[in-house]
Amino acid sequence: MMQRPPQEDFSLKETKPHLGGGKVTGDKVTTTYDLVEQMQYLYVRVVKAIDLPSKDITGSCDPYTEVRLGNYKGVTRHFEKKTNPEWNQVFAFSKDRIQASFLEVTVKDKDMIKDDVIGRVLFDLNEVPKRVPPDSPLAPQWYRLEGRKGELMLAVWWGTQADEAFSEAWHSDAATVGFADGLANIRSKVYLSPKLWYLRVNVIEAQDLIPNDKTRFPEVCVKAVLGNQHLRTRISANKSLNPMWNEDLMFVAAEPFEEPLLLSVEDRVAPNKDEVLGKCVIPLQYADRRLDHRAVNTRWFNLDKNGVIEGEKKKEVKFASRIHMRICLEGGYHVLDESTHYSSDLRPTAKQLWKNSIGVLEVGILSAHALTPMKTKDGRATTDAYCVAKYGNKWVRTRTIVDSFAPKWNEQYTWEVFDPCTVVTIGVFDNCHLHNGGDNNSNNKDSRIGKVRVRLSTLETDRVYTHSYPLLVLHPTGVKKMGEIHLAVRFTCSRLVNMMHLYSQPLLPKMHYIYPLTVAQLDSLRHQATQIVSTRLARAEPPLRKEVVEYMLDVGSHMWSMRRSKANFFRIMSVLSGLIAIAKWFDQICNWKNPITSVLIHILFLILVLYPELILPTVFLYLFLIGIWYYKWRPRNPPHMDTRLSCADNAHPDELDEEFDNFPTNRNPDVVRMRYDRLRSIAGRIQTVVGDLATQGERFQALLSWRDPRATALFLIFCLVIAVVLYVTPFQVVALIYGFYVLRHPKFRHKLPGVPLNFFRRLPAKTDSML
């Protein structure tokens, strides 16, 4: 059997870090940069040099600067044949790793055999000044190079990660990475998702089509292409030269609108053969933008065999086939690019419809420890870890800590919050783009180490949460803990009244309810949105790669999984367990398992029937008291991933192998046959349950449908008698008689089912009509 870590290894651990360099007082910290531990750095900014001596008669040299501090060495880029080079590069050395008392900055001349030393400058670390933001940056100064002529402009100071130079600096943590490679792949960065719009293309009709084959009426449809999105209308019902559709096609478009909308009217001449009757190219810059449900104007577009761009024709066309359409960019929708269960943003696309922010989310990404080795480099295991956090349209990426299983980032980021019922996601990844990806560079993709989700509505406002979260990843061999990440999170609310008001508002913009999209449309559009976002962010510098974006956006979470199906079934049973417990408790009352409780329930029932105006106040008072009683057991920590709830701790290996299988499958036929039979068995049970539920509903319909004329007649006679009895009998008397009958002692009960239940079970259903 597969050995798994004990359950307690997957638990959330509360920590007490030394945040901001100050003491934690209550739920707040005393400094401004307060959600991370202060880290001291020695910063060296190498700006430029002048009057460097030449090495030959040409009067030039190939200079570069080497910054050395103990065993750490950083090197600038070199220039060819230049005596007045400008580098303007920053180096940062962590104070925790400094083992020297002097800083040496050397200007060298690059040579094929051995680099020549042009000159150097020495700094005593005890004499280096300290800078604390928001002080202005330290001005660089000229220093005469020792030994030879020439001057070097430098700035040297002690600072923290709050320094502006922190994100652009070369770090000593990445001493083995070259400067150019380091800047491209290891520095921290903030990204913005592209602004996404839903594009609605309402294809109404076409006129004056000219088919190639004039002996038949064309079977016409419209094909629309936007980027890699392809949609078609149905074939027009009226087979004529003036077909009509009145059909909507929905696309996802991203600003800036680089790709036009390509439309073609096609004639189905054979099952797999279409002939183009006309084309039209429409730049999206000309499309109307709609903020609400009011209709936009329709337009006629000329169709051309070659697809001339709309608005660029040089001469007037006297006769052309035309297509009638309504095209608009929908600004009233929120373009879903995340899983609906983990959305971090619910605002509509149009900024004019945004409401004011209600607060600020601050996340301090402190450190990680006990990370799993992700690759081998020079024959030894290593991990180059970095974090990605996503909330709203803002993505952040920390710097990469090279070759460390316990990296310390201590970087703090801030987001505006517009809705508390949103989720921030923090993922940890291994950078596989350094040193050519290590020894296993065949699959040069950043590996996922794990991720954490925090729902803002589960956080208390103005409280600093400092926890160590387990990084859990499901592998084909089972769930595995990849390490732990240490976070500090604070949600600050600036408008409490506005936040409380949001709980009464719809979750999505109103256009989702006025003109709702179908489930199939939402799934397709979400897939297109994630593809657009991942493609755009992969083009940034440094790139936020496709595999990272897709993991953060939960792409593929809709695929079939036996494990998820069982987990969802157990969730439903957990929800129903409360109702089942109440039903069992009431059954015990009716059977007098506890006579004292039964007598008290009789008294309460008598009071409520005699004074019915007390029923609703009593119910709500009980709910209030129960809520107050549960307050002392309220969760004090944010929720985290639960392996037992996910059925990941006891999943069968074959179920996991099925979950990680490609689509379509590439397993051998015997395995696929076995899984298909298993799926049929489970689906058969689900089919039976659904059929039973449908049967009960159809029996209710059969009460009045005269499907069973005798049963319907009996029910109608019963209704007439009950109407007369209830008319002449006070309601309190009827309620008392019925209630005491239900609560009667077991001595007056029979083990056989009651008359109403027997009557109901005898009613017919539509199962007789099924094949």
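**Strands, helices and loops of a predicted model**

Student: How do strands E7 and E12 run, parallel or antiparallel?
Tutor: Strand E7 comprises residues 86–94, and two bridges join it to E12. Two strands pair if DSSP finds at least two bridges between them, and the elements themselves are DSSP runs numbered from the N terminus (helices: H or I, at least four residues; strands: E, at least two). One of the bridge partnerships is that of Phe 91 in E7 with Trp 170 in E12. The two strands run parallel.

Student: What kind of model is this?
Tutor: Residues are numbered from 1 along each chain as its sequence is written, and side-chain values use heavy atoms, with hydrogens and water left out. Local features need pLDDT of at least 70, side-chain atom pairs count only at pLDDT 80 or more, and totals for chains, interfaces and linings use all residues; this is a predicted model.

Student: Which strands are the edge strands of the open sheet that holds E7?
Tutor: This open sheet has five strands with mixed pairing, in the order E10-E11-E4-E7-E12. An edge strand pairs on one side only. The two edge strands are E10 (141–144) and E12 (170–171).

Student: Where does Val 128 lie, and is it buried or exposed?
Tutor: Val 128 is found in the loop between strand E9 (116–124) and E10. Its contacts (heavy atoms within 4.5 Å) are Leu 42, Val 156, Trp 157 and Trp 158, not counting residues up to four places away in sequence. Val 156 is 28 residues away along the chain, with 6.6 Å between the two C-alpha atoms. Because buried means under 20% relative accessible area, exposed over 50% and partly exposed in between (1.4 Å probe, protein chains only), Val 128 at 10% counts as buried.

Student: Why is strand E5 largely enclosed by the rest of the structure?
Tutor: Strand E5 spans residues 63–69, and six bridges join it to E8 (residues 102–109), which runs antiparallel to it. On that side Pro 63 stands opposite Asp 109. E5 is described as largely enclosed because buried residues make up six of its seven.

Student: Which residue in the turn between E5 and E6 has a positive phi?
Tutor: E6 (residues 72–75) runs antiparallel to E5 and is joined to it by four bridges, and Arg 68 has Lys 73 as its bridge partner. The two strands form a hairpin with two residues between them. The phi of about 65 degrees in this turn belongs to Gly 70.

Student: By how many degrees are neighbouring strands turned in the sheet that begins with E13?
Tutor: This open sheet has antiparallel pairing and the order E13-E27-E26-E29-E30, with E13 (189–192) and E30 (447–455) as edge strands. Within the sheet, four bridges join E26 (residues 385–391) to E27 (residues 394–397), and Ala 389 has Val 396 as its bridge partner. With direction ignored, the average turn between neighbouring strands is 20 degrees.

Student: Why are helices H6 and H7 called roughly perpendicular?
Tutor: Two packed helices are described by the angle and the distance between their axes. Axes are lines fitted to C-alpha atoms, for helices over the stretch in contact, with angles from 0 to 180 degrees between N-to-C directions; under 35 degrees counts as roughly parallel, over 145 as roughly antiparallel, 65 to 115 as roughly perpendicular and the rest as oblique. The axes of H6 (residues 562–590) and H7 (residues 595–610) come within 8 Å. H6 and H7 are therefore roughly perpendicular, with a crossing angle of roughly 95 degrees.

Student: How many residues of the contact of H10 with H11 are nonpolar?
Tutor: The axes of H10 (residues 669–705) and H11 (residues 709–728) cross at roughly 80 degrees and come within 7 Å. Ala 702, Leu 703, Leu 704 and Ser 705 of H10 meet Thr 712, Phe 715 and Leu 716 of H11. Ala, Val, Leu, Ile, Met, Phe, Trp, Tyr, Cys and Pro count as nonpolar, Asp, Glu, Lys and Arg as charged, and the others, Gly among them, as polar. None of these contact residues is charged, two are polar, and the nonpolar ones number five.

Student: Which residues does the cis peptide bond with omega of about -10 degrees join?
Tutor: The loop between strands E17 (244–254) and E18 (261–270) contains Pro 256. The cis peptide bond joins Glu 255 and Pro 256.

Student: How many disulfides does the structure hold?
Tutor: A disulfide is a pair of cysteine sulfur atoms within 2.5 Å. Cys 590 is buried at 6% relative accessible area, whereas Cys 719 is partly exposed at 32%. The number of disulfides in the structure is zero.
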